[in-house]
Amino acid sequence: MIQILFMFFAAVALGAAINVLTQKHVLYSSLSLIVLLTAVSALFVLMQAEFLAVINVIVYAGAIMVLFVFVIMLLNLPADEESNDRLRWLKFAGIPMGLFLLFMVARTVWRVEGSATTPEIAGTAQAIGASLFTDYILPFELTSLLILIALMGAVVFAKKDL
Amino acid sequence: MSEFFNSNREIILLFVKMIVIFGGVMTALAYTTLAERKIMAFVQMRPGPNRVGPFGLLQPLADGAKFLLKEQTVPGNANVFLYYLAPIVSMIPALLSFSVIPFGPDLKIADTNVSLLFIFAITSLGVYGIVLGGWASNSKYPLMGAMRASAQMLSYELSLTLSVVGVLLISNTLSLNSIVLSQQGTWLGFIPRWNIFPQFIGFFVYVLSGIAETNRLPFDLAESEQELVAGWHTEYSGMKFAMFFLAEYANMVTVSALATIMFLGGWNGPMFGPWWLQMGLPTVWFVLKISGFLFLYMLIRATIPRIRYDQLMRFGWKVLLPIAVANVVLTSFIVAIS
Amino acid sequence: MIPLNWYLILAAALFLLGMLGFFIKRNIISLLLSVEIMLNAVNLTFVAFSSRNGQISGQIFVFFVLVVAAAEAAVGLALVIAMFRNRETLNVDRSNLLKW
Amino acid sequence: MVNFLWLIPFVPLLGAVINGFWGKRLSKGVIGAIAAGSVAISFAISLGAFLQMLGMSEQELPVIRNYFTWIQAGSFEANFGFMLDHLSGLMILIVTGVGFLIHIYSTAYMHEEPGFYRFFAYLNLFMFSMLTLVLANNYLLMFVGWEGVGLCSYLLIGFWFKKKSAADAGKKAFIVNRIGDFGFLIATMMMFWTFHSLDYTRVFAAAAKMPSDELGVIGTLTAICLLMFVGATGKSAQIPLYVWLPDAMEGPTPVSALIHAATMVTAGVYMVARSSALFNRAPGALLVVAVIGAATALIAASIGLVQTDIKKVLAYSTVSQLGYMFLACGAGAYAAGVFHLMTHAFFKALLFLGAGSVIHGMGGIQDITKMGGLRREMPWTFRTFLIGTLAIAGVPGLAGFFSKDMILAAVYSSPHFGKALWAVGIVTAGMTSFYMFRLLILTFFGNARYTHEDVHHVHESPSPMLLPLILLAVLSAVAGYVGIPAILGGHERIAEFLSLGGPAAEHGSAALEWILMAASVASAGIGFAMAYVCYVTSPELPRRIASSAEALYSILTSKYYVDEIYETILVWPLVATAREFLWQFVDVSVIDGAVNGVGQTVRGLAGGLRHMQTGYVRTYAGWLLFGGILMVAWFLR
């Protein structure tokens, strides 16, 4: 059962990712990415990381992607034009090379053995919170600083008279 | 046959619950629309719908039939795929959140240890329906409505989420059922142990953000009739419009249910009578509380005028959010020292 | 019980797709989306390893990745808006003034 | 009062800070009050501490107060601490007392100067440094004071820094002092190497356990002492580093009085006296001290004979008298040296201040050939100056007589070359008497040689200037009575008091002492007589002598060509090396070449590499990917 679910969500994720790349209009790409995110969250649930799964949806789908969609709508973008610049051939070189790279990585990764003895742990909010506010308190505080800086940067960049 | 029931009891029970809850919810949603119209009429001193059935009680059915039979129009130059997708995207999250709401001690479909976050995650997806609908219509009012809606919902989601953190700090769990259970009993024998008493600031923020989050008056800038015709669903008609409409009411019910669970003790209430009554009473209490909440919603809609968009934003960011944060700080301080 | 390899290969595939997208797309928003795909692939490996090795740290890192992604999206989109205002295009190949 | 020891230097420091930072906004009266007041407080505390110390028993001395650990590195430890014993007690009294009088004097003398606050800030800073030097309980802190006074000396010599000669003189003083300081620093390091400490008590205790170096052998102690003496020659203007002191007269006259006559230049003498425990075990070093002192005394006095600038005469006189003090120290009579230091501080400060008064009255003229007859216009200046002259010339009954006599007696009986050194001392005493009376006569007697076009209104100085003069004159007259020799019925109390034991020198018989005393008085008398003859009875005589012994005269007027010699053998090669080799070759070719070469290389490389910067996002991403692949390859290797 769980294998079937994995296969299903993996297929959804891959399909969505490919769709992100092939869509001409960036809004469709964004929507496809949301599907990808949801699938990845579902995979998180399969790994008992429920908290992260939910957080992933809230942060990514609920906030970041809304921002993307918002910006796309704000700028009212047309579909991508097929630009005929000097780098056009890269697309056709890139796909086989990417596949080759995937093959190489897969071959390497295939030999990875997860230690089956250690018990799977549940990513509950409690477990994550406990770790986050003890072992990782400094990075956690620093991320707040990062967010603040990003906030100010965004405000400055988005100003009209830049 | 009985073997089948015995071996698959869990699943069958689950299906029964699903049918009961969703059937009940859908019916309730339909009648909420009627209730709203009636209450509005009452406030405005007019009869309201009273032609279809006694006291207009069959009005929702008539409405539904009308929606189904209407012509399906699609604006020219609209993005057809997204145009059809939008109401579905709007509807699904709205209904999905009911799957974790406990209507009674046993009357719930699922209860995970992150139910609350699950609801927030699901409702945060609801904005896509609005945004896509507005954009796909390829029309100026829907677009503006959609932009307003997305900005507004993003902004108020913050205070909404932060307002319940106080409750979480007190009840120490993210499971909705456990939160309800933590509110059992009374203080001093007569005050129910509801979170609304220690968390009245959070409740206040929650109610205001909830109204904004569901795009209801006085925060219905996204569909304000006088400015934007009907906002993001201006170009929708028939069943697609009905789905938007139902999604909005579903969201209202979700927000009310959450408020009830978080602040008003959920299905807790006085228990009496024989066992069959005791089985049904919690749900009755729960529904009653939600109804009271919905009544508040409608009363507010009927009495308070719409505010301006900049006021809305300023209120969200500069008033509600600081209050919510202050509440979190205060609560955590008190929790820490006690 | 799903083998760890499956997750890793899925993540690798997603990551490569993201990378591919970064190289073949021209719209700057698409590039950002590709970056998000890559981040998600990385998140997947983090969670996979975390769950399989019985350590919560991996999930903490996912948390941090989310924060970085949010910051990146905020600043990146602000830049996108600024760029669109100034150049009337989002094609990254049209914005190549910053060179030798 | 000994508990407030730290206040003695720090009150002037506070004054310096106030005047230095906020002096610009304060009125001159306030500045003067702060400056002089801080020194007055310091003097009062010093006096209290001194009196309290007198009441202490031998076991309680020296009073040592360690305030905090200043430096700690490995086994090295230096404390910030002060030590009060008889020697430093006497020194702080001299420094604060004379300093206070000179501060009072300066408030009037410097009144018209634009840098009034600056002057007093420096002066107070000097007081702080000098008191730190004197009170320090270890060599490192002494070195701090040592450098501090050097710095203040530099600042004050160059006080009129817009005048090139003053600025140059300041630099000269500083650079020449650096040479001496270098010696002192090496001595300090060797001391730490040898004794593992720099505290006086521990160093002296350790030195006492070491065997005495043989004469003519340069052992560790001798080397340390000689290096310290190098420092002393720099600070106290001895051969060969005396050249800065005459030039230092470019500074304001009170500075010359305080720093370049009474206090700072005696720091070398103080150091030698302080280190007597070391010097006593290095007879070779003592001999060098004595010889250098004697030579300096003689040569400086001979130059002083022909100087015409009132301050230059006094400057060479100072050098000469400092030579005297070193002569005493070299003979092992540290007490005599310090005694002379004290009396000299009084009368030389008096003379300088008197000279300043004269210059003040003459409106800036310093050339004694253009003066004359001033005793009528400036009666009080004249009277005090006369006392000072009598004191320095060694007229019996005044301070200089006793101290000089003590020195000469000690030198005569010192074991090595005693008689020869004594002879030098006697000759020097005669010369001193001559040039001082020459100065006195040319300045105050005879007819006025200035015209009233040059000098508009010769006037007596105001009372704030005269008061210090009178007080110093009294001190010059009576200070000698703390050291009345035994044959005159005294006890040489100063020597007992200081109890700085030198190599045992057998006292000569009473008859010998009488003879020595008579010789010294006679030489002073001869000097006076010659001056009287040359400048009163037959004024044309000097010119005739000058023309008949022209070679000698020109050598003297050009100060033995020492400056020129230094210029030729030291400065010129340095400058030439610096310009031709260090600048034209090392700096231009090597350093600039290297810098420019680096720049050119980087530029060339960058010119090629910058084409990596295509401006296309994708290219950058490609490089990023390339780097990532390299890293992955490294890990999968």
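**Exercise 1. Find where confidence is lowest and where it is highest in chain A, then set chain A beside chains C and D.**

Solution. In chain A, the mean pLDDT (the predictor's confidence in each residue, from 0 to 100) is lowest in H4(A), at 73, and highest in H6(A), at 88. These labels belong to helices (DSSP runs of H or I, at least four residues) and, further on, strands (runs of E, at least two), numbered from the N terminus. This is a predicted model, in which local features need pLDDT of at least 70 and side-chain atom pairs count only at pLDDT 80 or more, whereas totals for chains, interfaces and linings use all residues. Residues are numbered from 1 along each chain as its sequence is written, while chains are lettered from A and ligands numbered from 1 in the order in which they are written.

Next, take the averages by chain. Chain A averages a pLDDT of 79, with 82% of its residues at 70 or above; chain C averages 83, with 98% scoring at least 70; and chain D averages 86, with 97% scoring at least 70. Within chain C, the mean is lowest for helix H1 (residues 4-24), at 83, and highest for helix H2 (residues 28-53), at 86. Within chain D, helix H21 (residues 493-498) has the lowest mean, 74, and H4(D) the highest, 92. For the complex as a whole, the predictor gives an ipTM of 0.71 and a pTM of 0.57. Where pLDDT is low, the predicted coordinates should not be read in detail.

**Exercise 2. Describe the side of chain A that touches chain C, by elements and by residue class.**

Solution. Begin with the count: 73 residues of chain A are in contact with 60 residues of chain C, where contact requires that the C-beta atoms of two residues, placed from the backbone, lie within 7 Å. The elements of chain A that give two or more residues to this side are helices H1 (2-22), H2 (26-46), H3 (50-75), H4 (89-110), H5 (125-132) and H6 (137-157). By class, this side of chain A has 54 nonpolar, 15 polar and four charged residues; here Ala, Val, Leu, Ile, Met, Phe, Trp, Tyr, Cys and Pro count as nonpolar, Asp, Glu, Lys and Arg as charged, and the others, Gly among them, as polar.

Chain C also touches chain D, in a contact that takes 10 residues from chain D and 11 residues from chain C. The side of chain D in this contact has four nonpolar, four polar and two charged residues.

**Exercise 3. Work out how H4(D) and H5(D) are arranged, and which residues make their contact.**

Solution. The axes of helix H4 (residues 116-135) and helix H5 (residues 139-157) of chain D come within 7 Å and cross at roughly 155 degrees; axes are lines fitted to C-alpha atoms, for helices over the stretch in contact, and angles run from 0 to 180 degrees between N-to-C directions. H4(D) is therefore roughly antiparallel to H5(D), a term used for angles over 145 degrees. H4(D) passes H5(D) in a left-handed crossing, that is, one in which the near helix is turned anticlockwise from the far one by less than a right angle. Among the residues in contact are Tyr122(D), Phe126(D) and Met130(D) of H4(D), together with Trp146(D), Val149(D) and Cys152(D) of H5(D). The residues of this contact divide into 13 nonpolar, four polar and no charged.

**Exercise 4. Describe the pairing of strands E1 and E2 of chain D, then look at the backbone of His196(D) and Pro240(D).**

Solution. Strand E1 (residues 63-73) and strand E2 (residues 76-84) of chain D pair in the antiparallel sense over nine bridges, pairing being assigned if DSSP finds at least two bridges between two strands. Asn66(D) has Gly81(D) as its bridge partner in E2(D). The hairpin has two residues between the strands, and in this hairpin Gly74(D) takes a positive phi near 60 degrees.

Most residues other than glycine have a negative phi, and most peptide bonds are trans. His196(D), a residue other than glycine, has a positive phi near 60 degrees, and lies in the loop between helix H6 (164-195) and helix H7 (200-209) of chain D. The peptide bond from Ile239(D) to Pro240(D) is cis, with omega near 5 degrees, and Pro240(D) is found in the loop between helix H8 (220-235) and helix H9 (244-247) of chain D.

Technical notes. Parallel < 35°, antiparallel > 145°, perpendicular 65-115°, else oblique.
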